[in-house]
Amino acid sequence: MFRLVRGLIATFAAAYALIIVALWYWQASFIFQPSPVVQTTPSDLGVKFEKVTLPIGNGHVAGWWVPSQDPHSATLLYSHGNANNVGSNAPEVVGFQKAGLNVFIYDYRGYGESTGGPPREKLAYEDAERAWTYLVSERHLPPATIAIYGHSLGSAVAVDLASRHPEAGALILEGVLASIADVAETMGVSRLLPVRLIVTERFDAISKIGSVRIPTLILEGESDRPMTAQHVYDAAREPKQLALIPGGGHGDSAETNPTAYFAALNGFLAQHGVSGH
């Protein structure tokens, strides 16, 4: 009986260790879900745009420059979430453009037409920095006219970028991510596995947001993760604002409740003087 119990324990321990190793090795495939096909562009939605290709490393970052009709508009630097590519964000981009903003959205390497992947956290931060350099050094936009925006996984990318650019105009987060470990804990995974030891692709926004020294707006659908948004908000420096959008979910607040969404966004940018004038 003792040998049987010992054998069962050894088998369980080996299986548990194998699961941990497998999750560690394949974590990137769970986090990053890119698509190579861009199915929708702003022109499909009636808005003119310019394709942009930015060399970086052994590949390039592909993006869209979507100008406002007002040449003096502020500019949104858009880091998207973990799935698909810029094409799945085209309606949101057009919404921002129609609200009076220039938009530059880009794909991380390994997504859409961006090459040099596969995607990784470190590369995503580099890609965001390359997008910033494009706006400031190649389009010659004053940093104070640029609002750094990130949705979902892109919120962690935006926080990292904003922490390195106190000269930017504002930081705007939507569907905010505290960290990958926090998401795993919310899903209950941490009850069974040592998530914080396994995860190396951390996207740890909550530990970085205290280093951000520009005005910060968190837009959160009331049916999304308001507690996570509150935790990130609490960790951020002043000036800051948390706007819970009634009826909004993880990625549809602007569509579901455009009045509340754009009142919060445009009011925040106006309050802190983020414009192209």
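This section describes a helix pair and two loop residues in a predicted model.

The helix designated H3 spans residues 121–138 and comprises 18 residues. The distance from its first C-alpha to its last is 25 Å, close to the 26 Å expected at 1.5 Å a residue. A substantial list of residues in H3 is buried, including the charged residues Glu-121, Asp-127 and Arg-130. Also buried in this helix are Leu-123, Ala-124, Tyr-125, Ala-128, Ala-131, Trp-132, Tyr-134 and Leu-135. After H3 comes His-140, for which phi is positive, near 60°.

Helix H3 packs against helix H4, which covers residues 153–163. The two axes come within 9 Å and cross at roughly 60°. Because angles from 65 to 115 degrees count as roughly perpendicular and those under 35 degrees as roughly parallel, the arrangement of H3 and H4 is classed as oblique. The crossing is right-handed. On the H3 side, the contact is formed by Ala-124, Tyr-125, Ala-128, Glu-129 and Trp-132, and on the H4 side by Ala-156, Val-157, Asp-160 and Leu-161. By residue class, this contact contains 7 nonpolar, no polar and 2 charged residues; the charged ones are Glu-129 of H3 and Asp-160 of H4. Of the H3 residues that meet H4, Ala-124, Tyr-125, Ala-128 and Trp-132 are among the buried residues of the helix.

Two loop residues were also examined. Lys-48 lies in the loop between strand E1 (33–34) and strand E2 (50–56). Its relative accessibility is 76%, and Lys-48 is therefore assigned as exposed, the threshold for that class being over 50%. Beyond residues up to four places away in sequence, Lys-48 touches Val-66 and Pro-67. Val-66 is 18 residues from Lys-48 along the chain, and the C-alpha atoms of the two are separated by 6.7 Å.

His-250 is situated in the loop between strand E10 (240–245) and helix H9 (253–256). With a relative accessibility of 29%, His-250 is classed as partly exposed, because this value falls between the 20% limit for buried and the 50% limit for exposed residues. When residues up to four places away in sequence are not counted, the contacts of His-250 are His-151, Ser-152, Gly-175, Asp-224 and Arg-225. Gly-175 is 75 residues from His-250 in sequence, yet the C-alpha to C-alpha distance between them is 5.3 Å.

Methods: Residues are numbered from 1 along each chain as its sequence is written. This is a predicted model: local features need pLDDT of at least 70, side-chain atom pairs count only at pLDDT 80 or more; totals for chains, interfaces and linings use all residues. Side-chain values use heavy atoms; hydrogens and water are left out. Helices (H or I, at least four residues) and strands (E, at least two) are DSSP runs, numbered from the N terminus. Buried means under 20% relative accessible area, exposed over 50%, partly exposed in between (1.4 Å probe, protein chains only). Contact means heavy atoms within 4.5 Å. Axes are lines fitted to C-alpha atoms, for helices over the stretch in contact, and angles run from 0 to 180 degrees between N-to-C directions. Angles under 35 degrees count as roughly parallel, over 145 as roughly antiparallel, 65 to 115 as roughly perpendicular and the rest as oblique. A crossing is left-handed if the near helix is turned anticlockwise from the far one by less than a right angle, and right-handed if clockwise. The expected span of a helix is 1.5 Å times one less than its number of residues.
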